[in-house]
Amino acid sequence: MSKRALKRQLREGAFDAGQFEGDDKIRRLPLDRGGWSPLAHNHNNEGEREQGYLKTIKAKSPGQEKLIKAIDDKNLVVALGPAGTGKTYLAIAKAVEALEAGRVGRIVLSRPAVEAGESIGFLPGDAEDKLAPYLRPLYDALSDRLSMKRVRGLMSEGAIEIAPIGFMRGRTLNNAFVVIDEAQNCTYMQLKMLLTRLGWHSTMVVTGDPNQSDLLPELSGLGPVAERLEALSNIAVVRLADKDIVRHPLVADMLSVL
């Protein structure tokens with residue numbers, strides 16, 4: 001990514017430089033102890049932890065435990081579930097863990113460039129600038145696992161690549177950890193193309209919520225693809241539920257009635 005794009009993302013709030021000050025292993029994140037926190041309501045009853053954020057992940061629900069185990073055990077995982085269940089965050093966290101441990105040589109993150117019900121109009125700049133709003137959720141999750149300096153360095157080296165779905169055709173992804181996010185906005189043929197990109201010594205995690213597609217219901221291919229892959233024993237399809245939501249509890253309440 002160009003320096004100009006990184007500076008623009010920092011300026012517009014995609015990254016908070018102050019959050020990455022200090023040691024690269026431990027970071028201090030702001031925490032409002034007066035509000036609801038998943039740390040204080042996790043299923044292990046561990047209570048609220050210190051603000052010191054270690055770069056390790058722990059499941060906050062049985063569904064998340066199942067997803068983490070599936071990623072550890074299988075080379076292809078499909079994670080389905082409503083908003084707030086940690087699908088994308090856990091996938092990217094495991095990707096960073098694999099890269100740091102030397103189990104893969106690069107991380108490839110991809111999602112469809114689909115507008116969520118409204119047009120954002122013409123965007124200035126080069127291809128990276130135009131695609132940045134669509135890919136920003138991936139930058140957010142990634143920057144929460146690595147220091148700002150490390151993110152810049154890995155992206156400049158090519159060890160981390162963030163690309164829209166349209167840039168994936170014709171590639172073979174060897175020795176990589178691949179995360180396909182918002183897959184409910186992919187058609188059946190797009191998902192078939194993406195799944196067949198998987199190369200040697202690679203892991204792929206496909207995340208999405210079939211009930212929250214920005215495509216017409218008959219165009220989204222995530223549901224049919226997951227049903228067919230579920231019959232294969234060497235592929236994991238993990239279905240998260242409302243009880244796995246780790247955002248504010250109102251999210252689960254709203255999704256039960258909306």
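The chain holds 8 helices and 8 strands, taken as DSSP runs (H or I of at least four residues for helices, E of at least two for strands) and numbered from the N terminus. This is a predicted model, in which local features need pLDDT of at least 70 and side-chain atom pairs count only at pLDDT 80 or more, while totals for chains, interfaces and linings use all residues. Residues are numbered from 1 along each chain as its sequence is written, and side-chain values use heavy atoms, with hydrogens and water left out.

Of the 258 residues, 47% are buried, meaning under 20% relative accessible area with a 1.4 Å probe, protein chains only. Contacts (heavy atoms within 4.5 Å) between residues at least 6 apart in sequence join residues at least 24 apart in 73% of cases.

An open sheet is formed by 6 strands in the order 5-4-6-7-3-8, with parallel pairing; two strands pair if DSSP finds at least two bridges between them. Strand 5 (160-164) and strand 8 (236-239) are the edge strands, each pairing on one side only. Strand 5 is joined to strand 4 (residues 106-111) in the parallel sense over 5 bridges, and one bridge pairs Ser110 with Ala163 of strand 5.

Two helices pack on the sheet, as tabulated here. Angles run from 0 to 180 degrees between N-to-C directions, with axes fitted to C-alpha atoms, for helices over the stretch in contact.

| Helix | Strands touched | Angle |
|---|---|---|
| Helix 3 (residues 87-100) | strands 3, 4, 5, 6 and 7 | about 170° with strand 6 |
| Helix 7 (residues 222-229) | strands 3, 7 and 8 | about 130° with strand 3 |

Notes. Buried < 20%, exposed > 50% of the residue type's maximum accessible area, 1.4 Å probe, protein only.
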